[in-house]
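Please take a moment to look over the sequence and the structure before reading on. The paragraphs below move from a single residue to a sheet, then to a whole chain and to the contact between two chains.

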Amino acid sequence: MSLPGGADPAGGAVRAVAAHGLAGSHLALPEGPLADDVWPEFFRAARRQRLIGLLAATVADGALEVTDAQHEQVATAHAVAMKRVLDIEVLALDVVERLEQAGVGVRVLKGLATAHVDMADPARRDFGDVDLLVEPGRFALAVATLTAAGMPRDLPERRPGFDERFAKEATLYGPREVEIDLHRLLALGAFGLRLDPRSVWDDGQPFVVGGRRLCALQPPARLLHAAYSSLLGDRSPRLVSLRDTAQLAQRDDIDGDAVVALARVAGGQAVLARALRLAGDTFGTGPDWALWRWAGAHRGGWWDRTCLRAYESQGGSNTTTLLSGALGLTTWRDRAAYAGAMAFPGRAYVAARRTAGRPSEWRRALAELARSAVRTGRRAPR
Amino acid sequence: MTAPGTARVTRAPDILSRTCLTSVLVRLRGAPTISLTEAAAEVWGLLDVDRTVDEVAEALAARHGTTATAVLDDLQRLVDDLVALGVVLPAPGIPSASTR
């Protein structure tokens, strides 16, 4: 697998930005300002990978030399990104208060939590939406509370009862179209449905934003989630998610045994091991981690390999990711209900997709499965 | 509202902020984001703990090789603006060092 960020000079420099401040990383930032023919691609890649915060940190720390024009571009992009981040934090505080008043506990996930709990300075971590894990068993109430408060959901529930049984998340919109992702699970597909959200729901780790106490997951669950986001969350692993994984893996207080035990309970050891290896290889930091030896030695079984291949970053597609969900369920009854909901969503859901201009799921699924079949045929030994 | 030179002031406890490359962004819920640049950003940095305006003036003067008197008027106006915006507040219950 090629390293995230790309093989060209811009890609190498972006990886070094993503590694900035990680203990033990051997990745070096370029000496002197990047040339004018490399800078535009480098800057685009840094934005695409949500690394503007770390890029600004490399400039502020004097680790990356830039021209005056490059400095201005970074400063402007960082200020724009951080203004957006403050908008998101204000919305997150509002959402958390509404949910708590309704009796729904939440844990802050991903960028907002990472920025405040794991980074030396929150300005180093850019993020684009509010991500909250909803207390198990309260998902429908959480969605109803926010929609009643004027935060519309992008699509209705796939079928009655689907949310509480199978949904990974619901997307709602706050003011200025800021996205609120209410998570019931930590991933789509097999690994998401295999994990019982009660296994990561504990007292959490408190932190303060705007004078108000919020709660993130505990470090082992944060690391597992970062690994899931790295490997299962996007079409290709994003450097910002791998950085989160590496950042958590090298925390002084990370309990490697607790992380592995949680991953075992969640059925996610293969994801954790592969994400740690990829993060370690990408940033050259792995051998410094207590979990490195475990990750290097871990070999998943048939189930792990099959499920991993279903995800887009591992050669699968959105359709195979969704289909893999059946492998994460433990009873035939659940599998049948899940498959039925996937194949035959409710009328309101289908109509809302059509109104929103989204493509037909059936057409998309057939096209993706056909492409997968062609790829598999090309790979097959002759 | 004027915060006299001997009154202690501090950042509002419910402030949201980010330090950027050439500015500091501060925001209260229900209010727009304010961008502090140059001297204002520097003063914001000094208010990470509660201080009197006089103490801030002395710190600024030491950094810039001038006297506290020379910066005090501009600083007082800036602090008054920040107090009016609600992002800086009089620190409660702590007498300033110069009035003890």
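In which helix of chain B does B:E38 lie? The model in front of you is a predicted one, and in this model B:E38 is part of helix α1 of chain B. With a relative accessible area of 69%, B:E38 is exposed, because a residue counts as exposed when that value is over 50%. The backbone of B:E38 deserves a second look as well, since its phi is near 45 degrees, which is a positive value in a residue other than glycine.

From this helix we can move to the sheet of chain B. Three strands form an open sheet in the order β2-β3-β4 (chain B), and their pairing is antiparallel. At the edges are β2 (16–19) and β4 (34–37) of chain B, each of which pairs on one side only. Averaged over the sheet and with direction ignored, neighbouring strands are turned by 20 degrees against each other. Helix α4 (residues 68–101) of chain A packs on this sheet, where it touches β2 and β3 of chain B, and its direction makes about 160 degrees with that of β2(B). Helix α1 (residues 38–46) of chain B packs on the sheet too, touching β2, β3 and β4 of chain B, with a direction that makes about 95 degrees with that of β4(B).

What holds such strands together? In general, the strands of a sheet pair through backbone hydrogen bonds, in either a parallel or an antiparallel way. Here, β2(B) and strand β3 (residues 23–27) of chain B run antiparallel and are joined by four bridges. To follow one of the pairings, start at B:S17, whose bridge partner in β3(B) is B:V26.

The contact between the chains can also be described through residues and areas. In chain B, 14 residues are in contact with 27 residues of chain A. Between them, the two chains bury about 1600 Å², and 65% of this area is on carbon and sulfur atoms. Of the area that chain B buries against chain A, 47% is supplied by B:R18, B:L21 and B:R29, which is more than any other three residues supply.

Turning to chain A as a whole, its secondary structure comes to 18 helices and six strands. The radius of gyration of chain A is 21 Å, close to the 21 Å that the globule rule gives for 382 residues, so chain A is as compact as a globular protein of that length. Its C-alpha atoms fill a box of roughly 60 × 60 × 45 Å, taken along the principal axes. Of the 382 residues in chain A, 54% are buried. Among the contacts in chain A with a separation of 6 or more, 69% are between residues 24 or more positions apart. The accessible surface of chain A comes to about 17100 Å², and 51% of that surface belongs to carbon and sulfur atoms.

Two residues of chain A can close the tour. A:R50 has its place in the loop between α2 (39–48) and α3 (52–60) of chain A, and its phi is near 60 degrees, a positive value in a residue other than glycine. A:R50 counts as partly exposed, at 29% relative accessibility. A:A370, found in helix α18 (residues 361–379) of chain A, also counts as partly exposed, at 41% relative accessibility. From C-alpha to C-alpha, A:A370 and A:P206 are 47 Å apart in space, while in sequence they are 164 residues apart.

Conventions. Residues are numbered from 1 along each chain as its sequence is written. Chains are lettered from A and ligands numbered from 1 in the order in which they are written. This is a predicted model: local features need pLDDT of at least 70, side-chain atom pairs count only at pLDDT 80 or more; totals for chains, interfaces and linings use all residues. Side-chain values use heavy atoms; hydrogens and water are left out. Two strands pair if DSSP finds at least two bridges between them. Axes are lines fitted to C-alpha atoms, for helices over the stretch in contact, and angles run from 0 to 180 degrees between N-to-C directions. Contact means heavy atoms within 4.5 Å. The radius of gyration is taken over C-alpha atoms; the globule rule is 2.2 Å times the number of residues to the power 0.38. Buried means under 20% relative accessible area, exposed over 50%, partly exposed in between (1.4 Å probe, protein chains only). Accessible areas come from the Shrake-Rupley method with a 1.4 Å probe; for residues, only the protein chains shown count as cover. Buried area is the accessible area (1.4 Å probe) that two parts lose on being put together, summed over both.
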